Amino acid sequence: MAKPHIMAEHVCPVWVGYLLASPVRKLLQNPNKILKPYVNEAMTVADIGCAMGFFSLPLARMVGPNGKVICVDIQEKMIRKLEKRARKAGLSGWIETIICNDKSFGLEDFKERIDFALAIGVVHEVPDSARFFSEVCEAMKPAGRLLVAEPRGRVSENDFERTVSIAKHNGFEVTDRPQIKRGRSVLLEKKS
Ligand SMILES: C[S@@+](CC[C@H](N)C(=O)[O-])C[C@H]1O[C@@H](n2cnc3c(N)ncnc32)[C@H](O)[C@@H]1O
């Protein structure tokens, strides 16, 4: 019998957030290389489960001041640290932060406005992945793309395929399986 898709999972502790933001991580997961195929100047992009912004700051550099990066996280401490890092890097002007809650990802104001979204290492922490995909889908422009990657060490192949199937039932189709080191990944596109 298939596992229910509503699973209570643990949430990444703040101390791990500091490790995830370390520049050393670029040796394994280089944000520019991972994101370059999908992100252009002036795009509106979202980083869901952004933590301290390991991917959000490079995203902000890629979209530039005519674009926007919406950074969503459930933990205020992650967001506050991201804001500090963004200010230091001179990128705050086009980064918008959202501290979401377990009822909503806070994307209601972005209906059909997002070109590209990123969810790295977060879907397995979200209690209801069907709601995650349907809320993100509503915020995406037609044919907008969502890159999902989950850590191999925490998410089995079966569980990842279950996640992909939930995405397909909630507004997305699979367009690619890009390789991200230590991750299981899928590129999704909003169905027309
Ligand atoms: C493993 S970290 C990954 C962080 C970041 N994407 C990265 O790759 O560096 C997962 C993040 O998702 C956040 N998170 C967990 N559950 C969430 C939820 N329901 N809504 C939004 N963010 C959530 C956690 O607070 C944490 O910052």
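Here's a quick tour of a ligand site and four residues worth finding in the structure above. Keep in mind that this is a predicted model. The ligand sits in the largest pocket, and there are 20 residues around it. After that we'll look at His-169, which is exposed, and Ser-185, which is buried, and finish with two residues that have a positive phi without being glycines, Glu-112 and Arg-182.

**Around the ligand**

- Of those 20 surrounding residues, the ones that come nearest are Arg-25, Gly-49, Asp-73, Gln-75 and Ile-120.
- Sort the shell by type and you get 14 nonpolar residues, three polar ones and three charged ones.
- Arg-25 uses its side chain here: one of its polar atoms is 2.7 Å from an oxygen atom of the ligand.
- With Gly-49 it's the backbone instead, where a polar atom lies 2.7 Å from a nitrogen atom of the ligand.
- Asp-73 puts a polar side-chain atom 2.6 Å from a ligand oxygen.
- On its own, the ligand would expose 600 Å², and the protein buries 95% of that.

**His-169, out in a loop**

- You'll find His-169 in the loop that runs between helix 6 (157-168) and strand 6 (172-176).
- Is His-169 buried or exposed? It counts as exposed because its relative accessible area is 68%, and the cut-off for that label is over 50%.
- Its side chain still has a partner: a polar atom there lies 2.8 Å from the backbone oxygen of Ser-165.
- If you want a sense of distance, His-169 and Lys-36 are 133 residues apart in sequence and 28 Å apart in space, going from C-alpha to C-alpha.

**Ser-185, tucked into a strand**

- Ser-185 belongs to strand 7, which covers residues 183-190.
- Ser-185 has a relative accessible area of 7%, so it falls under the 20% cut-off and is called buried.
- A polar atom of the Ser-185 side chain is 3.2 Å from the backbone oxygen of Pro-178.

**Two backbone oddities**

- Most residues other than glycine have a negative phi.
- Glu-112 isn't a glycine, yet its phi is positive, at about 55 degrees.
- Look for Glu-112 in the loop between strand 3 (95-99) and strand 4 (114-120); with a relative accessible area of 41%, it is partly exposed.
- Arg-182 has a positive phi too, of about 65 degrees, and isn't a glycine either.
- Arg-182 sits in the loop between strand 6 and strand 7, and it is exposed, with a relative accessible area of 60%.

Conventions
Residues numbered from 1 in each chain as written. Predicted model: local features only at pLDDT ≥ 70, side-chain atom pairs only at ≥ 80, totals over all residues. Heavy atoms only, no water. Near = heavy atom within 4 Å. Polar contact = N/O pair within 3.5 Å; in protein donor to acceptor, adjacent residues only side chain to side chain. Areas by Shrake-Rupley, 256 points an atom, 1.4 Å probe, with all protein chains shown as cover. 1 Å grid on protein atoms, 1.4 Å probe; cavity = no way out; pocket = protein on both sides within 12 Å on 5 of 7 lines; lining within 4 Å. Sits in = over half its atoms within 2 Å of the grid points. Nonpolar A, V, L, I, M, F, W, Y, C, P; charged D, E, K, R; others polar. Helix = DSSP H or I, 4+ residues; strand = E, 2+ residues; numbered from the N terminus. Buried < 20%, exposed > 50% of the residue type's maximum accessible area, 1.4 Å probe, protein only.
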